[in-house]
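This briefing is about aromatic rings and what lies beside them. Please look at the structure below before reading the points that follow.

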Amino acid sequence: DKKVNVFGNFNYNYRKLLNDLTIDRKFYNSNGQLDAGLFLFNRMLYPTHTYNSRIGVDYFAGKKTIIGILVNGFLNDQTKYVDNNSTVFGPNAVAQSYIRTNSTTIDDTKHYGINLNFKHSIDSLGQEITVDLDRAVFNKISTPQFVTGYYDLNNAPIKALYLLDGNMRGDLTIHSIKSDYTKPLKKGGKIEAGFKSSFVKADNDLKFFDKSSGTPVYETGRSNHFIYDENINAAYLSLHKEWKKIAIQFGLRAEQANIKGVQLASAEKIDTSYLRIFPSAFMTYKMHKNHEFGFSFSRRIGRPTYNQLNPFRSFIDLTSFNTGNPFLRPEFTNSFELSYTLYQKTTLSLSYSRTMDVISWIIKPINTPDGPVSVETNDNISYSDFVGLNVSNQFSPLKGWNSVTNLNIFRVIPNGVIENTQASASGIVYNINNNQSFSLPKRWSAELSLNYSGAQQSAFAYSMPQWMLSAGVQKVIMGGKSTVRFNVSDIFWRFFPRVTSTFINYQQYFTAVRDTRIASLNFIYRFGKNTVAGSRRRTTGVEEEKSRAQ
């Protein structure tokens, strides 16, 4: 009504997901001869129930002032059923034994967030100030149970069953205050300024127990308790100005961070603080209405996610697990780009960037008292250079037929050493995205899209090409109030990773086949007044922190 606007939604989703993981792992001795190996097939089925909700209220306190509250949250209940079979090989690839692991993991994840927001329009020209206060909480409880058997080549047990139970509780709390100010300038342009302070606290407690004897025995080597505190304070100022042919934008952002963490199991500590300046500059020049040139420079930061920092071990089986790295540093990137746009339909962009302390995904070997195992984690390497050409084009071959194509050609040259292995540069990589849309008679429409990712060497891993063809058809009915849509993604089921990870004395090849081929049927019915205002805003002040929590 005149003073209050209420908006909201609720969504429920159930999916039974599939992940078929195949691993061929080889360990070599110092002479380059095969010392040991493992061939693993892992099938994971995980039915998942997800509930999402959001509700907001805007109160119009006056013609120029709006006060709002937004509450959102989700529940995610997931049970993972895993059947894992491994063949263990000795020298000369001779099979020696089998390892079979069955596991069940119940994951219960909850999140809620509350946002208080304020907007005041100082004048009718667009000068305004906004303020956001946020609190977001994530809670996760995970209870994995593993049963592992060891067998000889005749399937006779060679060890007693190993029973391992875990209990993990993770709590993440985010608080933030954020304010932005905008002032339009005469004859085009505007000034923007703002600040933000965020406070993040994570408390993750993981316990594992050996129950093989019937009496639970605390597993010190697998358990951990990690506490993490992060405070980031930032302020920015930007100027945007337009003339008849030239538009420029300059920005400056300062960020100060304080980070502390401790692994209680090992007493290892993190205590880091830094102050960084992030300048940016953008310029466009319209030489002609059909010819436009652009230049940009920016310095930005890429922070690790909270999962990438969490040192907990998530097991595929007892020979394979993934874990976070609490000592992971943020990466910093300086980027330059030149662009040319022709007829507002075709754009060519040439870019170069250098990233310091690159966060690299790796699968590497480690030695344990039970033998070598494989760990998936992240680590920093010194730097990486990126050179790329992007071509985007939009055209209509016929009336009602629109084609959009995006081609990326690039090369990545990393520099760094992990596990005595030098990071490898990629060759020239080609990625193509193409979308074809068709407007058909009688309010029918159709779409066809192709995504292709070329082969790529990425520091310590080589990824083979993968591609996806998707299609959809849509019909508008009931005088425009309803829409029926049918889509199929990844029709030929080819969009899955095939990766080889290589280190000195170690190589692993894996394929992970997932549920990417999905058919969906949608029905939409619009009712009520078309004049009702939509929600004023749908974002909060902690979107970046929430994305790092997923």
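Y12 is partly exposed, because its relative accessibility is 41%, which falls between the 20% limit for buried and the 50% limit for exposed. The model is predicted. Searching the whole structure gives 19 aromatic pairs. Two of these pairs are described below, followed by a cluster and two charged side chains placed over rings.

**The pair Y12 and Y51**
- The ring centres of Y12 and Y51 are 5.0 Å apart and the ring planes meet at 45°, so this pair is tilted. The angle is neither under 30 degrees, as stacked requires, nor over 60, as edge-to-face requires.
- The pair joins distant parts of the chain, since Y12 belongs to strand β1 (residues 4-28) and Y51 to strand β2 (residues 34-60). The two residues are 39 residues apart.
- Y51 has a relative accessibility of 29%, so Y51 is partly exposed.

**Surroundings of Y51**
- Which residues does Y51 touch, leaving aside its neighbours within four places in sequence? The contacts are F10, N11, Y12, G73, F74, L75 and D77.
- One of these contacts, F10, is 41 residues from Y51 in sequence, while the C-alpha to C-alpha distance is 7.6 Å.

**The pair F293 and Y340**
- Why is the pair of F293 and Y340 called tilted? The planes of the two rings are at 35°, with the centres 5.1 Å apart, so the pair counts as tilted.
- This pair also links distant parts of the chain: F293 is in strand β12 (residues 291-302) and Y340 is in strand β15 (residues 331-342). In sequence, F293 and Y340 are 47 residues apart.
- F293 is partly exposed because its relative accessibility is 36%.
- Y340 is partly exposed as well, because its relative accessibility is 23%.

**An aromatic cluster**
- Which residues form one aromatic cluster? The members are F146, F208, F315 and F321.

**Charged side chains over rings**
- R100 is placed over the face of Y151, and its distance from the ring centre is 5.0 Å.
- K159 has its charged end over the ring of Y150, at 4.5 Å from the centre of that ring.

Technical notes:
Residues numbered from 1 in each chain as written. Predicted model: local features only at pLDDT ≥ 70, side-chain atom pairs only at ≥ 80, totals over all residues. Heavy atoms only, no water. Phe/Tyr/Trp six-rings, centres within 6.5 Å; stacked < 30°, edge-to-face > 60°. Helix = DSSP H or I, 4+ residues; strand = E, 2+ residues; numbered from the N terminus. Buried < 20%, exposed > 50% of the residue type's maximum accessible area, 1.4 Å probe, protein only. Lys NZ or Arg CZ within 6 Å of the ring centre and 35° of its normal. Contact = heavy atoms within 4.5 Å.
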